[in-house]
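Okay, let's get going. I'll put the structure up and walk you through one corner of it.

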Amino acid sequence: MNDSFGDFNSTQTATAGATKEASGEGIISLLIKQILDSPEGNFKMFDVNYALVCAVGIVRNIETSSTKITYSLEDHSGRIDAHYWLEEGDAINAPDVMINNYVKIYGSVRSQAGQRVLMVFKLLNVLDPNEICTHVLEALHSRYKAEEYHAKGDSIANSGNNANMSSSGFSSSQGNAIVAGLDSKQLAVFQAIKSKVSDEGIHRSELNSKFSHISASEMNNILDFMISEGHIYSSIDADHFLCTL
């Protein structure tokens, strides 16, 4: 499996399709205990559904079969199994992961024998220890921001001004807050990707044509940055992009 941020693993398409049918959107950083305590299906926090979760932990065990690889992932809050499904002949492309090393997993929450598990879309080795601390801070930030948005939503609804709320419960200003930190060029590219009506997403060449004032190398840097921040992801290949929000 390619460890670049550019694409979710192509072998996970069946699980991806199941997720797409649900109403969840975006990616949320979580601690393992939050996943274990969640209901079945898309992860939900303060009435907002998320299609994918991101967890960081240490691999305590690896079990390999003909159809899947199961990683036992542990952080300070708990332990969970994460399943990476294999297609025929795909074992040689499986992630290069070692026991007692830290990894970052993007996946969906499912239930198996009454226990919560992760279906892996993408698995990355964690090479920088700072990334472990950063993930914990992101998980805390996600929790408090979700509560803040929920409280603002209730306030607007109670005042009778909910006409400006989106179907997901966020106002337009709250939606912009999610992509806060993008500069003007990054935000323009993000909006172009978000506005593209296609299951495949927008192609890199189309973005280059739309933004002729942005060089190809700068466009690549913008796309790589937004993928690493979880704002976008590639779909059918490394050159088609969809928005996570």
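So, H5 lies across S9, S10 and S11, and its direction is at about 90° to S11. Keep in mind that this is a predicted model.

Let's look at that helix. H5 covers residues 184-195, so to speak its twelve residues, and from first C-alpha to last it reaches 16 Å, close to the 16 Å expected at 1.5 Å a residue.

Which residues of H5 are buried? They're Gln 186, Val 189, Phe 190, Ala 192 and Ile 193. Looking down the axis of H5, those buried residues fall within an arc of 160°, so they line one face of the helix. That fits the usual pattern: an α-helix has 3.6 residues a turn, so residues three or four places apart point the same way. On the face of H5 turned away from the buried side, you'll find Ser 184 and Ser 195, both exposed.

And what do the buried residues of H5 pack against? Strands S9 (202-203), S10 (232-234) and S11 (240-243), plus helices H6 (204-210) and H7 (216-228).

Now the sheet. It's an open one with three strands in the order S9-S11-S10, and the pairing is antiparallel. S9 and S10 stand at the edges with a single partner strand each, so one side of each has no neighbour in the sheet. S10 and S11 run antiparallel and are joined by three bridges, and Ser 234 sits opposite Phe 241 in S11.

Last bit: H7 also gets involved here. H7 lies across S10 and S11, running at about 105° to S10.

Terms used. Residues numbered from 1 in each chain as written. Predicted model: local features only at pLDDT ≥ 70, side-chain atom pairs only at ≥ 80, totals over all residues. Heavy atoms only, no water. Helix = DSSP H or I, 4+ residues; strand = E, 2+ residues; numbered from the N terminus. Expected span 1.5 Å × (residues − 1). Buried < 20%, exposed > 50% of the residue type's maximum accessible area, 1.4 Å probe, protein only. Arc of directions from axis to C-beta. Contact = heavy atoms within 4.5 Å. Pairing = 2+ DSSP bridges. Axes fitted to C-alpha atoms, helices over the stretch in contact; angles between N-to-C directions.
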